Amino acid sequence: THLPWRKYEVLDKNQKKLLTTVWLSEILLQQTQADRVIGYLGKIQAKFPTIESLAETTYDIFFPYYQWLGYYSRARNLLKTAKIVSEEYEWVFPNNESLLRKLPWVWPYTARAILSFGYKELTLAWDTNIEKVFSRYFHGAKNIKLSISEKIEIEESLIYYCKIHGNEQARHINNALMDYARL
């Protein structure tokens, strides 16, 4: 794959780097196209290769690597999150959805993406596009909201499949659904 945050064969060797890359890419991907994020992610990680280096920098030093990406409060919150992770979680993102959601700019989708891609948790990183895929399946139309029971059925199917084929399949399923939804 051409998306650097999906290079699991390399990233899985260093859990902290994997989690930082997943988190950073998910934050940068909010409201920004993937092709644009690739260049920024590369520049940021070249200068700030660890969560520690992000936590220890200032906005003025960080800003040139982020400039023109937009949503400048996102950049400030990114640094704030790095500091929180360093101070409260000893440089490693928590493996808990409710704790992740307390971090700045980590919303339900982002928390579940960190759990799925970073920790191989059996969870779907629900976003609007993935819901549209399943809405087409269940209802034949992309704009009909899924019921709670439909979402539970989908999650249970994911868990069942991954228990047979391995937890890492959850991240592959999430990626495949995102790719399919994007098309």
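## Helices, core and salt bridges of an all-helical chain

Lys 16 has a relative accessibility of 30% and therefore counts as partly exposed. This residue belongs to a predicted model, and Lys 16 is one half of a salt bridge with Glu 52, in which the closest N and O atoms are 2.5 Å apart. Glu 52 is part of helix α4 (residues 51-56) and Lys 16 is part of helix α2, so the bridge ties together parts of the chain that are 36 residues apart in sequence. In contrast to Lys 16, Glu 52 counts as buried, because its relative accessibility is 18% and the limit for a buried residue is under 20%.

### Overall architecture

The chain contains eleven helices and zero strands. In sequence order, the pattern is α-α-α-α-α-α-α-α-α-α-α. The radius of gyration is 17 Å, close to the 16 Å that the globule rule gives for 183 residues, so the chain is as compact as a globular protein of that length. The C-alpha trace spans about 50 × 30 × 30 Å along its principal axes. Of the 183 residues in the chain, 48% are buried. Among contacts with a separation of 6 or more, 57% are made by residues 24 or more positions apart.

### Helix α2 and the nonpolar core

Helix α2 covers residues 15-29. Its 15 residues should span 21 Å at 1.5 Å a residue, and the C-alpha atoms at its ends are indeed 21 Å apart. Eleven of these 15 residues are buried, and the helix is mostly covered. Among the buried residues of α2 are Leu 18, Leu 19, Val 22, Trp 23, Leu 24, Ile 27 and Leu 28, together with the polar residues Thr 20, Thr 21, Ser 25 and Glu 26.

Two residues of this helix, Trp 23 and Leu 28, recur in the largest nonpolar core, which has 56 residues; Leu 54, Phe 62 and Leu 78 join them as the residues with the most contacts inside that core. Leu 78 shows how these positions meet. Leaving aside residues up to four places away in sequence, Leu 78 touches Trp 23, Leu 24, Ile 27 and Leu 28, as well as Leu 54 and Phe 62.

After α2 comes Gln 31, whose phi is positive, near 65°. Thr 32 is found in the loop between α2 and α3 (34-47). The side chain of Thr 32 makes a polar contact of 3.2 Å with that of Arg 74. With residues up to four places away in sequence not counted, Thr 32 touches Val 37 and Leu 69 in addition to Arg 74.

### Helix α8

Helix α8 (residues 108-119) has twelve residues. The distance from its first C-alpha to its last is 16 Å, close to the 16 Å expected at 1.5 Å a residue. Eleven of the twelve residues are buried, so α8 is largely enclosed by the rest of the structure. The buried residues include Tyr 109, Arg 112, Ile 114, Leu 115, Phe 117, Gly 118 and Tyr 119. Their cover includes α1, α2, α7 (97-101), α10 and α11. Lys 120, just after α8, takes a positive phi of about 60°.

### Salt bridges across the chain

Side chains of opposite charge can pair when their charged atoms come close. The structure holds seven salt bridges, including the Lys 16 and Glu 52 pair described above. Another joins Arg 171 to Asp 12, with the closest N and O atoms 2.9 Å apart. This pair links distant parts of the chain: Arg 171 lies in helix α11 (residues 168-182) and Asp 12 in the loop between α1 (8-11) and α2, at a separation of 159 residues.

Lys 151 forms a further salt bridge with Glu 131, and here the closest N and O atoms are 3.4 Å apart. Lys 151 lies in helix α10 (residues 148-165) and Glu 131 in helix α9 (residues 128-139), so this bridge ties together parts that are 20 residues apart in sequence. In addition, Arg 6, Asp 179 and Arg 182 are joined into one network by salt bridges that share partners.

The accessibility of residues discussed above is set out below.

| Residue | Relative accessibility | Class |
|---|---|---|
| Arg 171 | 2% | buried |
| Asp 12 | 32% | partly exposed |
| Glu 52 | 18% | buried |
| Lys 16 | 30% | partly exposed |
| Lys 151 | 25% | partly exposed |
| Glu 131 | 11% | buried |
| Thr 32 | 11% | buried |

Conventions: Residues numbered from 1 in each chain as written. Predicted model: local features only at pLDDT ≥ 70, side-chain atom pairs only at ≥ 80, totals over all residues. Heavy atoms only, no water. Helix = DSSP H or I, 4+ residues; strand = E, 2+ residues; numbered from the N terminus. Expected span 1.5 Å × (residues − 1). Buried < 20%, exposed > 50% of the residue type's maximum accessible area, 1.4 Å probe, protein only. Core = buried A, V, L, I, M, F, W, Y, C linked by side-chain atoms within 4.5 Å. Contact = heavy atoms within 4.5 Å. Polar contact = N/O pair within 3.5 Å; in protein donor to acceptor, adjacent residues only side chain to side chain. Salt bridge = Lys/Arg side-chain N within 4 Å of Asp/Glu carboxyl O. Rg over C-alpha atoms; globule rule 2.2 N^0.38 Å.
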